[in-house]
Amino acid sequence: MVVKRSIFFSPAGEERRLHLYLPEDCGRGGERLPVLYMFDGHNLFFDHNATFGKSLGLKEFLDRWEKRLIVVGIECSAEDVTHVHEYCPFDIKSAIYGEIRGRGEATMRFITQELKPMIDREYPTWPFREATAIAGYSMGGMLALYGVLRHNRYFSKAAVISPSVLPAMEAFRAEIARDELSPDTRVFLSWGTNEYGPADAQIERALYELEGRMQQKGASTWMHRHEGGQHNEASWEKQVPVWMRFLWL
């Protein structure tokens with residue numbers, strides 16, 4: 001089942017909604033479950049909640065999947081530019097949005113210091129990092145990558161789907177060089193071959209570079225080239241079984 005509840009999102013000083021997936025009979029008989037934190041929570045489960053009328057179909061997948069886990073979907077700001085700033089971990093310049101004052105680290109501190117303790121307190125979770133993952137697409141993919149790097153003591157796994165990394169490559173090179181990664185870290189990276197036209201080849205090269213740098217730090221990775229994939233939820237839905245199985249082997 002999917003439960004909606006509000007939480008105070010401290011980086012913005014306002015209420016935001018959580019979209020929580022809980023397996024049937026969650027916690028029965030003392031059962032504890034791993035947890036996946038995901039960005040753009042309103043786009044995960046139901047088409048009628050999704051910004052563009054198409055969700056990732058995550059509920060249907062999880063209802064029939066053999067593994068049981070809790071998903072915590074975090075709704076973003078309804079303002080597009082605010083959403084970009086909240087999900088970007090660096091101060092960078094974007095061709096689309098101009099100067100971005102990254103507040104992604106504040107968002108990650110909210111997740112690790114406020115949200116995660118609440119989820120572990122109120123739901124039957126395994127709280128340790130080996131049972132905790134983070135995932136997102138587009139700007140959320142950028143923050144998921146940053147999250148598993150900078151906050152590796154909380155997250156052992158990340159799904160980094162069509163991440164908006166091109167304007168932040170220098171910052172990510174420095175981030176990977178700086179951070180210590182546990183050898184059990186698993187990172188799924190993907191892009192679609194029909195997302196941005198001429199820029200698709202640049203994204204491919206950038207992701208392979210980041211993959212190599214993370215492998216040098218000891219992480220296990222999976223690179224997924226989605227043939228014909230576009231920058232939308234309909235394409236990202238098709239990748240769900242691939243990254244779910246990789247993260248939770």
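**Exercise 1. Is the crossing of H3 and H4 left-handed or right-handed, and which residues make the contact?**

Solution. The model is a predicted one, and the helices to be located in it are H3, residues 104-122, and H4, residues 139-150.

Step 1. The axes of H3 and H4 come within 11 Å and cross at roughly 65°, and the crossing is right-handed.

Step 2. On the H3 side the contact involves Gly104, Glu105, Thr107 and Met108, which meet Leu143, Tyr146, Gly147 and Arg150 of H4.

Step 3. Sorted by class, the residues of this contact of H3 with H4 comprise 3 nonpolar, 3 polar and 2 charged.

**Exercise 2. Work out how H2 is oriented relative to H4, and describe the contact of H2 with H4.**

Solution. Step 1. Helix H2 spans residues 80-87, and its axis comes within 9 Å of that of H4, with a crossing angle of roughly 15°.

Step 2. Because angles under 35 degrees count as roughly parallel, H2 is therefore roughly parallel to H4.

Step 3. The crossing in which H2 passes H4 is left-handed.

Step 4. From H2, the residues His83, Val84, Glu86 and Tyr87 meet Met139, Gly140, Met142 and Leu143 of H4, and the residues of this contact divide into 5 nonpolar, 2 polar and 1 charged.

Step 5. Leu143 of H4 thus appears in the contact with H2 and also in the contact with H3.

**Exercise 3. Determine the relative orientation of H5 and H6, and list the residues that form their contact.**

Solution. Step 1. Helix H5 (residues 169-178) packs with H6 at an angle of about 10°, the axes being 10 Å apart, so that H5 is roughly parallel to H6.

Step 2. H5 contributes Met169, Phe172, Arg173 and Ile176, while H6 contributes Ala206, Glu209, Leu210, Arg213 and Met214.

Step 3. The class count for the contact of H5 with H6 is 6 nonpolar and 3 charged residues, with no polar residue.

**Exercise 4. Trace the strand order of the open sheet, and identify its edge strands.**

Solution. Step 1. The open sheet has 8 strands in the order S1-S2-S4-S3-S7-S8-S9-S10, and its pairing is mixed.

Step 2. The edge strands are S1 (2-9) and S10, each of which pairs on one side only, and from one strand to the next the twist averages 20°.

Step 3. At the S1 edge, the neighbour is S2 (residues 14-21), which runs antiparallel to S1 and is joined to it by 8 bridges; Lys4 has His19 in S2 as its bridge partner.

Step 4. At the S10 edge, S9 (residues 186-192) pairs with S10 (residues 220-226) in the parallel sense over 7 bridges, and Val187 has Thr221 in S10 as its bridge partner.

Step 5. Between these two strands, the chain crosses from S9 through H6 (residues 200-216) to S10 in a right-handed β-α-β crossover.

Technical notes:
Residues are numbered from 1 along each chain as its sequence is written. This is a predicted model: local features need pLDDT of at least 70, side-chain atom pairs count only at pLDDT 80 or more; totals for chains, interfaces and linings use all residues. Side-chain values use heavy atoms; hydrogens and water are left out. Two strands pair if DSSP finds at least two bridges between them. Helices (H or I, at least four residues) and strands (E, at least two) are DSSP runs, numbered from the N terminus. A crossover is right-handed if, with the strands pointing away from the viewer, the path from the first strand over the helix to the second runs clockwise. Axes are lines fitted to C-alpha atoms, for helices over the stretch in contact, and angles run from 0 to 180 degrees between N-to-C directions. Angles under 35 degrees count as roughly parallel, over 145 as roughly antiparallel, 65 to 115 as roughly perpendicular and the rest as oblique. A crossing is left-handed if the near helix is turned anticlockwise from the far one by less than a right angle, and right-handed if clockwise. Contact means heavy atoms within 4.5 Å. Ala, Val, Leu, Ile, Met, Phe, Trp, Tyr, Cys and Pro count as nonpolar, Asp, Glu, Lys and Arg as charged, and the others, Gly among them, as polar.
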